[in-house]
Amino acid sequence: MQVLLAGYASADISPEVGEAYGPFLERRVREVAAPLGGRVVYLEEVGGEGPVVLAMADHIGFTRKADRRMRDAIAGAVGVARSRVLLNASHNHAAPAADLATQEILDGFGHHFLSYGWLDRMEAAFVDAARRAKAERRPARVEAGMAPVEQVGAVRSVRQPDGRIATRYGVAPPELQAAPEGLVDPDVVVLCLRGEDGRPVVSIFNYACHVTALRQRGEVIHPDFPHFALEVIERETGGPGFFLQGAAGNVGTGKYADGTLEGSKVLGERLARGVLEALAHSVSCGAGPLRLKGWKEVVELDSGLPSVGETRCQLAELLASSLRRAWMPCAMLQVIEDPDAARCCELFLLNGGDWCLACLPAESFVEFGLAIRASSPALFTLVGGYYDCTLWYIPTWKSMRDGGFESQGGWRYTAAGTGEQLARSVIRRLREIVE
């Protein structure tokens, strides 16, 4: 019989008041309304192939350089290879982006995007949390369940009567809020690692929706609606929770959010109700070896991306006129200056018998998460997104045909069919790895 050991720990990874705040240049943190969490789950099967670390952060996301840095630090803290550390982010817009490469680009122009001190403290916090999670590991059994979540997420692209597509951002105007919810992942999938005393070591809950319910993006730091969901879940279960962001590239809070903390709390409580219902109807997962499979999938970049020279000229112009938009060419440069690295997507599958976790890069669209879950031979499949956000939006072929912010804006770098290619690759290997 396989014996699974599980441990959990968390740490405060908030920036400090007065520090530089990305995604907007030359903005400073004015208030930390609630701390951002860095959370770590340590998993190890006795006599198995080796430990696996799940880590997440309550901020916009990690691009490649910061992703590698944090994963290397976590891996070193617990004695595993970087390939056995899976790091995602909640994509919380009321927090900075861990985009180290952008700040290094802007160093040459004398502008501030984020604080190096914040990244240093985040690394130290993750190292400490990883060590504590490993030290706290204990035998655990796995229970899983799923349940519907109502009135939290809605599709972001809304077709207007004149045929145009409008984007329903985090807090949308009334006419866009009135539009139908559209295609979302209606369920939350929950994986509860329960200790021998019956208390949860941690409850991992996987839901796909942009964390964008707060209007004051920038100077006031807050982890948004997952924070309020965690408060309810931890109070009711007596154990910690771990929010795993799903494939949420085209799903957001725009239909249901009002921009306030009170409204964010309402969304969090709705999500928590789904989690608690899933736990109430959870089933014990059959034991199976803990196996991690990682591989790289090479994708095609859009043939119409600008040249490095054009993008650097655009950046210089924006730095002189519109600091708000200057992050966009910096993100583009990370792709076009090293296209071979950008085209190489890291994918992961973690299987533990009746359950499986599939990890997709960047802001993959919800259709891919739904397809993977529908095709999975595992009884319960979690699909995480926002692993290495360098490529940002990865839309469907259909959305690229139809248009919209996520498909034709400046944050989409891949060719049509990339998301479908990645989903097929995951599904094919799911059928190989799950017994």
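# A tour of cavities and helix contacts

Strand 17 provides the largest share of the lining of the largest cavity, namely 3 residues. The structure on the screen is a predicted model, and the tour begins at this cavity.

**Stop one: the largest cavity.** Please select Arg64, Arg68, Ala342, Cys344, Cys345, Glu346, Pro361, Tyr387, Asp388, Thr390 and Leu391, which together line the largest cavity. Two elements give two or more residues to this lining: helix 1 (64-78) and strand 17 (344-351). The space enclosed here is about 90 Å³. Colouring the selection by class shows 6 nonpolar residues, 1 polar residue and 4 charged residues in the lining of the largest cavity. In total, the model has 4 cavities of 30 Å³ or more.

**Stop two: the second largest cavity.** Next, select Asp67, Arg68, Arg71, Val85, Leu86, Leu87, Glu346, Phe348, Tyr387 and Asp388, the residues that line the second largest cavity. Which elements give two or more residues to the lining of the second largest cavity? They are helix 1, strand 5 (85-89) and strand 17. The second largest cavity holds about 60 Å³ of space. Its lining consists of 5 nonpolar and 5 charged residues, with no polar residue.

**Stop three: helix 1 and helix 3.** Keep helix 1 in view and add helix 3 (residues 116-135); the two pack at an angle of about 35 degrees, and their axes are 8 Å apart. Their crossing is right-handed. To display the contact, select Arg69, Met70, Ala73, Ile74, Ala77 and Val78 on helix 1, then Leu119, Asp120, Met122, Glu123, Phe126, Val127, Ala130, Arg131 and Lys134 on helix 3. By class, the contact of helix 1 with helix 3 contains 10 nonpolar and 5 charged residues, and no polar ones.

**Stop four: helix 2 and helix 8.** Now select helix 2 (residues 100-107) together with helix 8 (residues 327-336), whose axes lie 9 Å apart at an angle of about 110 degrees. Because of that angle, helix 2 is roughly perpendicular to helix 8. From helix 2, show Ala101, Thr102, Ile105 and Leu106; these meet Trp327, Cys330, Ala331, Leu333 and Gln334 of helix 8. How many charged residues does the contact of helix 2 with helix 8 have? There are no charged residues in this contact, which has 7 nonpolar and 2 polar residues.

**Stop five: helix 10 and helix 13.** Finally, select helix 10 (residues 366-375) and helix 13 (residues 418-433), which pack at an angle of about 20 degrees with axes 10 Å apart. Therefore helix 10 is roughly parallel to helix 13. Is the crossing of helix 10 and helix 13 left-handed or right-handed? The crossing of these helices is right-handed. Show the side chains of Phe368, Ala371, Ile372 and Ser375 in helix 10, and those of their partners in helix 13: Gly419, Glu420, Ala423, Val426, Ile427, Leu430 and Arg431. The contact of helix 10 with helix 13 comprises 7 nonpolar, 2 polar and 2 charged residues.

Terms used: Residues are numbered from 1 along each chain as its sequence is written. This is a predicted model: local features need pLDDT of at least 70, side-chain atom pairs count only at pLDDT 80 or more; totals for chains, interfaces and linings use all residues. Side-chain values use heavy atoms; hydrogens and water are left out. On a 1 Å grid over the protein atoms alone, a cavity is a set of points where a 1.4 Å probe fits but cannot get out, and a pocket is an open set with protein on both sides within 12 Å along at least five of seven lines; lining residues have an atom within 4 Å of a point. Grid points are joined across faces, edges and corners, and a volume is the space filled by probe spheres set on the points. Helices (H or I, at least four residues) and strands (E, at least two) are DSSP runs, numbered from the N terminus. Ala, Val, Leu, Ile, Met, Phe, Trp, Tyr, Cys and Pro count as nonpolar, Asp, Glu, Lys and Arg as charged, and the others, Gly among them, as polar. Axes are lines fitted to C-alpha atoms, for helices over the stretch in contact, and angles run from 0 to 180 degrees between N-to-C directions. Angles under 35 degrees count as roughly parallel, over 145 as roughly antiparallel, 65 to 115 as roughly perpendicular and the rest as oblique. A crossing is left-handed if the near helix is turned anticlockwise from the far one by less than a right angle, and right-handed if clockwise. Contact means heavy atoms within 4.5 Å.
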